[in-house]
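Work through the two exercises below with the sequence and the 3D view open. Try each task before reading its solution.

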Amino acid sequence: MKKILHISKYYAPFSGGTEKVARDCVLALADDYAQRVICFNHEPGTRTDEVDGVGVVRAGCFAKVASQSLSLEYGRLLREEIKKFAPDAIIFHYPNPFVARYLLKYIPDGTKLVVYWHLDIVKQRLLKQLFRSQNEQLVRRADVLVATSSAYAKGSPHLSAAGEKCRIVPNCIDAGHLTPDARSERVARQVRAENAGRTICFAVGRHTRYKGYDHLIRAAGYLDDGFVVYIGGTGEETPKLKQLTAGNDRIRFLGRIDDDTLKGYMSAMDIFCFPSVTKNEAFGVALAEAMYFGKPAVTFTIPGSGVNTVCLDGEDGIEVPNGDAKAYADALRRLAADPDLRARMGANARRRVEEHFLYGQFSERIRAMMDELIRR
């Protein structure tokens with residue numbers, strides 16, 4: 001049986017966008033390949049365990065700089081894993097520049113390399129320049145580079161230069177995980193009852209700058225009391241966002257919410273708000289999840305991001321100029337005033353997710369890609 005080593009920054013049970021994709025890859029290939037995972041430990045110390053029957057090596061970290069974990073043991077662990085497991089292919093989830101250094105050093109010439117390019121380094125400009133040469137080496141060494149959308153591939157200076165090496169594999173959602181249950185339905189009924197006669201808007205995600213919640217809050221300032229805007233999640237921007245809402249009781253912060261509460265608000269909402277403003281938002285899994293609930297979304301135009309290929313303007317929702325809070329509010333008002341438009345766009349949104357962004361399609365694409373790569 002052919003063997004694949006997966007390299008992710010962290011791994012389940014750690015919850016994050018890249019980690020979900022890494023696990024989806026492992027699950028998609030479980031029947032046909034022997035697999036191992038190496039990652040950083042999200043808890044103190046180095047250890048080895050199993051997830052879904054697959055061995056996971058977790059390297060202990062001594063620090064984190066600019067979102068990059070650092071480990072004194074990682075190089076040795078990766079070298080030993082490559083030597084002992086002898087993978088036919090490695091799937092490396094980028095960005096992870098600290099690990100890329102060791103990967104380029106220790107990967108054997110005959111081992112196939114898939115670089116799963118989740119994001120360009122955009123925010124940290126110094127790191128962007130520092131790792132430019134390393135990224136060019138990765139692109140040259142890679143047999144395949146994976147992008148989550150054609151828009152991101154075209155907008156990335158590294159992926160756009162990769163030519164035929166680049167493959168498009170959209171992220172997926174777990175439809176089973178989103179199935180309503182008795183508790184989530186109770187939450188939905190309560191939210192609707194508390195807001196009878198009002199348009200319910202909902203947004204959820206980590207409170208960080210690129211998510212654009214400050215623009216959503218400013219947009220809410222243009223709305224009247226016929227609207228309520230719920231914002232789920234927490235993050236480093238939460239205190240600033242709460243200060244920005246002073247005097248606007250149309251905005252309600254929910255904090256960290258569990259899965260049943262999330263499903264309840266997704267069911268109860270009339271409009272999903274996805275106000276991300278930079279290509280740090282490469283795809284938008286939460287956006288696809290909201291669309292699966294049959295609800296229209298309002299997004300900003302984000303050059304180089306896949307967000308606007310997930311939710312299509314005029315079909316599944318409304319897209320407005322980047323950072324334009326008034327235009328965002330106008331789009332919310334337009335949808336609120338037209339139930340038929342909401343219903344049509346919501347039905348389109350559900351259908352788009354079912355046709356393009358479910359695990360079944362993702363799994364087929366990953367298996368076909370790896371079968372072609374390893375057996376060619």
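**Exercise 1. Place His93 and describe its surroundings.**

Step 1. His93 sits in strand S7, residues 89-94. Strands here are DSSP runs of E, at least two residues, and helices are runs of H or I, at least four, numbered from the N terminus.

Step 2. The model is predicted: local features need pLDDT of at least 70, side-chain atom pairs count only at pLDDT 80 or more, and totals for chains, interfaces and linings use all residues. Residues are numbered from 1 along each chain as its sequence is written, and side-chain values use heavy atoms, without hydrogens and water.

Step 3. Buried or exposed? His93 is buried, at a relative accessible area of 1%. The cut-off for buried is under 20% (1.4 Å probe, protein chains only).

Step 4. List the contacts (heavy atoms within 4.5 Å). Beyond four places in sequence, the partners of His93 include Ile7, Thr18, Cys25, Tyr116 and His118.

**Exercise 2. Trace the sheet and find the helices across it.**

Step 1. The order is S3-S4-S2-S1-S7-S8-S9-S10, an open sheet of 8 strands with mixed pairing. Two strands pair if DSSP finds at least two bridges between them.

Step 2. Which strands stand at the edges? They are S3 (47-51) and S10 (166-168); each has a single partner strand, so one side of each lacks a neighbour in the sheet.

Step 3. Check one pair. S9 (residues 144-147) runs parallel to S10, joined by 3 bridges. Val146 stands opposite Arg167 in S10.

Step 4. Add the helices. H2 (residues 74-85) lies across S1, S2, S4 and S7. H15 (residues 359-375) lies across S1, S7, S8, S9 and S10.

Conventions: Buried means under 20% relative accessible area, exposed over 50%, partly exposed in between (1.4 Å probe, protein chains only). Axes are lines fitted to C-alpha atoms, for helices over the stretch in contact, and angles run from 0 to 180 degrees between N-to-C directions.
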